[in-house]
Amino acid sequence: MSFVTVTGPALAADTVLHKGARVRAASASAEDVAVASRTRLGTIAGHVVLIMLALFSVFPVYWMFATAFRAPENALDQTLLPWPLSLENFAYVWNTIPIGNMLWNTFAMSIMLAVAQLLIAVLAAYGFAMWDFRGRKLLMFLFIGSWLVPFQVTMIPNYVLVSQMGLLGTVGGVVIPQLAGAFAVLLMVQHMRAFPRELIEAAHLDGRSSWATLWTVVVPNMKPALAALGIMAFISAWNEYLWPTLIMRQGDALIQVGVRSFLSAEENNWGATMAAAGLACVPVLLIYVFLQRYVVDAFVRSGLK
């Protein structure tokens, strides 16, 4: 049997190494704790900022409905909770102006615009994304340029065109100049370019034409993107005010124009005005509540930054 004798200097060196390792481990652990603490503080601060921004954004909508649900004589109360609740303002609006017809007309106009923009965007984006043809970059540049041109620049030419077509005072005059949306085309191009080419090639190998491939392969797999674009087009059309005001000669044809005319007529009847504005917001709020997951999913999966 043999024994290993550890000399004094070697033992001292080994002890120093062990102490150094423990010191480094303790230092690393302290740094990890500090980093985790800073991360938690940053997360908490970010959530606090987001909550404040959310409250700042939601409060005007809440106050609109709170004022609408107050009794007419309490319309200017500053209490946060409208109590007792009253439907007098909504009944007054419903009996004073044809708000039901205005909501229906606006809904029909917005649906027509959303469907038309979806159809044109899908067809245009399919061509831009799947084929490389002469003048493609120039056409894309023109689309982007038309998106950057302010509406006020094209407003007068569009008005003259609608007047020459005899569409003043009709819903068609509101819809036709906005059938093609450059933003819709650009959004769909991004999704089309990210679509797997293997599926399209497989469809062609099965003998499907380009037209059949679009409607049986591409479109069914792009429902989130189409839902997002449809919602945005619908909301944009619903909130449009200036163009319908120029085209529609009747003040009670669309909800945007009708609410503005009602506000001018009622002056300081804020309870009824908020009730009319609240009724104008309800369809859009309901649509977004039930379909918002499609919007989030579409932007996450798209190539837009």
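# Questions on a predicted helical model

Visitor: Leaving out residues up to four places away in sequence, which residues does Phe143 touch?
Guide: This is a predicted model, and every contact named here is computed from it. The place of Phe143 is in helix 4, and once residues up to four places away in sequence are set aside, the residues that Phe143 touches are Phe128, Ala182 and Val185.

Visitor: Is Phe143 buried, partly exposed or exposed?
Guide: Buried means under 20% relative accessible area and exposed means over 50%, with partly exposed in between. Because the relative accessible area of Phe143 is 25%, this residue counts as partly exposed.

Visitor: How far apart are the C-alpha atoms of Phe143 and Gly181?
Guide: Along the chain these two residues are 38 residues apart. In space, the separation between the C-alpha atoms of Phe143 and Gly181 is 8.8 Å.

Visitor: How many helices does the protein chain have, and how many strands?
Guide: Read from the N terminus on, the elements of the protein chain run α-α-α-α-α-α-α-α-α-α-α-α-α. The count for the chain is therefore 13 helices and, under the run lengths used to define a strand, zero strands.

Visitor: Among contacts between residues at least 6 apart in sequence, what share joins residues at least 24 apart?
Guide: The protein chain has 305 residues, of which 32% count as buried. Among its contacts between residues at least 6 apart in sequence, the share that joins residues at least 24 apart is 70%.

Visitor: Which helix gives the largest share of the lining of the largest pocket?
Guide: The largest pocket has a volume of about 770 Å³, and 24 residues line this pocket, with Gln117, Gln178, Ala180, Gly181 and Ala182 lying nearest its centre. At least two lining residues come from each of helix 3, helix 4, helix 5, helix 7 and helix 10. The largest share, five residues, comes from helix 10.

Visitor: How many residues of the lining of the largest pocket are nonpolar?
Guide: The lining of the largest pocket divides by residue type into one charged residue and seven polar ones, and the nonpolar residues number 16.
The lining of the largest cavity, a separate item in this model, divides into two charged, two polar and five nonpolar residues, and for the pocket the nonpolar number asked for is 16.

Visitor: How much space lies in the largest cavity?
Guide: The count comes to one cavity of 30 Å³ or more. Residues that line the largest cavity include Arg70, Asp77, Trp83 and Pro84. The space in this cavity is about 50 Å³.

Visitor: Which residues of helix 7 are buried?
Guide: Helix 7 has 13 residues and reaches 19 Å from its first C-alpha to its last, close to the 18 Å expected at 1.5 Å a residue. Leu187, which lies in helix 7, counts as buried because its relative accessibility is 3%. The buried residues of this helix are Ala182, Ala184, Val185, Leu186, Leu187, Met188, Val189, His191 and Met192.

Visitor: Which residues have the most contacts inside the largest nonpolar core?
Guide: In soluble globular proteins, nonpolar side chains tend to be buried together. Here the largest nonpolar core has 26 residues, and helix 3, helix 7, helix 8, helix 9 and helix 10 are the elements that give two or more residues to this core. Those with the most contacts inside the core are Val122, Met188, Met192, Phe195, Leu214, Val218 and Met222.

Visitor: How far apart are the end C-alpha atoms of helix 12?
Guide: In helix 12, the buried residues include Val259 and Phe262, and both Val259 and Phe262 also belong to a second, separate core of 20 residues. At 1.5 Å a residue, the twelve residues of helix 12 should span 16 Å, and this agrees with the separation of its end C-alpha atoms, which is 16 Å.

Visitor: Which residues does Thr67 touch, not counting residues up to four places away in sequence?
Guide: The place of Thr67 is in helix 1, and because its relative accessible area is 4%, Thr67 is buried. Not counting residues up to four places away in sequence, the residues that Thr67 touches are Ala75, Asn89, Trp270, Gly271 and Met274.

Notes: Residues numbered from 1 in each chain as written. Predicted model: local features only at pLDDT ≥ 70, side-chain atom pairs only at ≥ 80, totals over all residues. Heavy atoms only, no water. 1 Å grid on protein atoms, 1.4 Å probe; cavity = no way out; pocket = protein on both sides within 12 Å on 5 of 7 lines; lining within 4 Å. Points joined across faces, edges and corners; volume = space filled by probe spheres on them. Helix = DSSP H or I, 4+ residues; strand = E, 2+ residues; numbered from the N terminus. Nonpolar A, V, L, I, M, F, W, Y, C, P; charged D, E, K, R; others polar. Expected span 1.5 Å × (residues − 1). Buried < 20%, exposed > 50% of the residue type's maximum accessible area, 1.4 Å probe, protein only. Core = buried A, V, L, I, M, F, W, Y, C linked by side-chain atoms within 4.5 Å. Contact = heavy atoms within 4.5 Å.
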